[in-house]
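Colleague: Could you take me through one part of this predicted model with some care? I would like a close look at the aromatic rings and whatever is arranged around them.

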Amino acid sequence: QIQLVQSGGGLVQAGGSHILACVTSGPDAFHKVMGWYRQAPGKERELVAWITWSDENTFLDEDRFAISRDDAKGTVFLQMNELRPEDTAMYYCNAGRVRYGRRYFPEEYWGQGTQVTVSS
């Protein structure tokens with residue numbers, strides 16, 4: 001069983017930076033690829049980034065964001081820079097897999113979600 005616990009949501013001014021964290025637990029966590037999604041009100045959940053534990057292979061949908069991990073702590077981070085009001089969303093981490101080169105497939109392991117609100 002894999003558990004994901006998120007932290008770091010909050011209110012940020014436009015142009016600012018913010019970091020989200022996702023702590024993983026469970027023996028299978030290190031066999032998964034870790035992804036970050038976000039869901040804005042009235043919109044579908046969308047993939048923002050993913051990272052592998054083994055070779056630091058990464059994907060980023062926003063070049064203002066960065067994804068990283070701390071192996072010793074089993075934690076994945078999403079660093080968000082130059083935030084805009086349109087980045088306002090609930091952010092979720094996920095443990096999934098990558099297939100067909102670089103296509104991410106989420107699995108049933110989700111964090112509880114953290115709200116990031118960017119004020120203009």
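Modeller: What follows goes through the aromatic pairs, and then turns to the disulfide and the strands that belong with it.

The model is a predicted one, and it holds six aromatic pairs. One of them brings together Phe-30 and Trp-53, whose ring centres are 4.6 Å apart with the planes at 45°, so this pair is tilted. Phe-30 belongs to the loop between S3 and strand S4 (33–39), while Trp-53 belongs to the loop between strand S5 (46–51) and strand S6 (58–60), so the pair ties together parts that are 23 residues apart in sequence. The two partners can also be described by their accessibility: Phe-30 is partly exposed at 42% relative accessibility, whereas Trp-53, with a relative accessible area of 6%, is buried.

Another of the pairs is formed by Tyr-92 and Trp-110, where the ring centres lie 6.3 Å apart and the planes stand at 90°, so the pair is edge-to-face. Here too distant parts of the chain are linked, since Tyr-92 sits in strand S9 and Trp-110 in strand S10 (residues 103–110), 18 residues apart. Tyr-92 is buried, at a relative accessible area of 14%, and Trp-110 is partly exposed, at 30% relative accessibility. Both rings are members of a cluster in which ring pairs link Tyr-37, Tyr-92, Tyr-104 and Trp-110. A charge accompanies these rings as well: the charged end of Arg-45 sits over the ring of Tyr-92, 3.8 Å from its centre, and the charged end of Arg-45 also sits over the ring of Trp-110, at 4.6 Å from that ring's centre.

Strand S9 leads from the rings to the disulfide, because Cys-93 lies in S9 (residues 89–99) and Cys-22 in strand S3 (residues 18–25), so that the cysteine pair ties together parts that are 71 residues apart in sequence. The count comes to one disulfide, and in this link between Cys-22 and Cys-93 the distance from S to S is 2.1 Å. The link is right-handed, with 60° about the S-S bond, and both Cys-22 and Cys-93 are buried.

Strand S3, which carries Cys-22, also has partners among the strands. Strand S1 (residues 3–7) runs antiparallel to S3 and is joined to it by five bridges, with Gln-3 having Ser-25 in S3 as its bridge partner. S3 also pairs in the antiparallel sense with strand S8 (residues 75–80), over six bridges, and there the bridge partner of Ile-19 is Gln-79 in S8.

Technical notes
Residues are numbered from 1 along each chain as its sequence is written. This is a predicted model: local features need pLDDT of at least 70, side-chain atom pairs count only at pLDDT 80 or more; totals for chains, interfaces and linings use all residues. Side-chain values use heavy atoms; hydrogens and water are left out. A disulfide is a pair of cysteine sulfur atoms within 2.5 Å. Helices (H or I, at least four residues) and strands (E, at least two) are DSSP runs, numbered from the N terminus. Buried means under 20% relative accessible area, exposed over 50%, partly exposed in between (1.4 Å probe, protein chains only). Two strands pair if DSSP finds at least two bridges between them. Rings of Phe, Tyr and Trp (its six-membered ring) pair if their centres lie within 6.5 Å; planes under 30 degrees apart count as stacked, over 60 as edge-to-face and the rest as tilted. A charge sits over a ring if NZ of Lys or CZ of Arg is within 6 Å of the ring centre and within 35 degrees of the ring normal.
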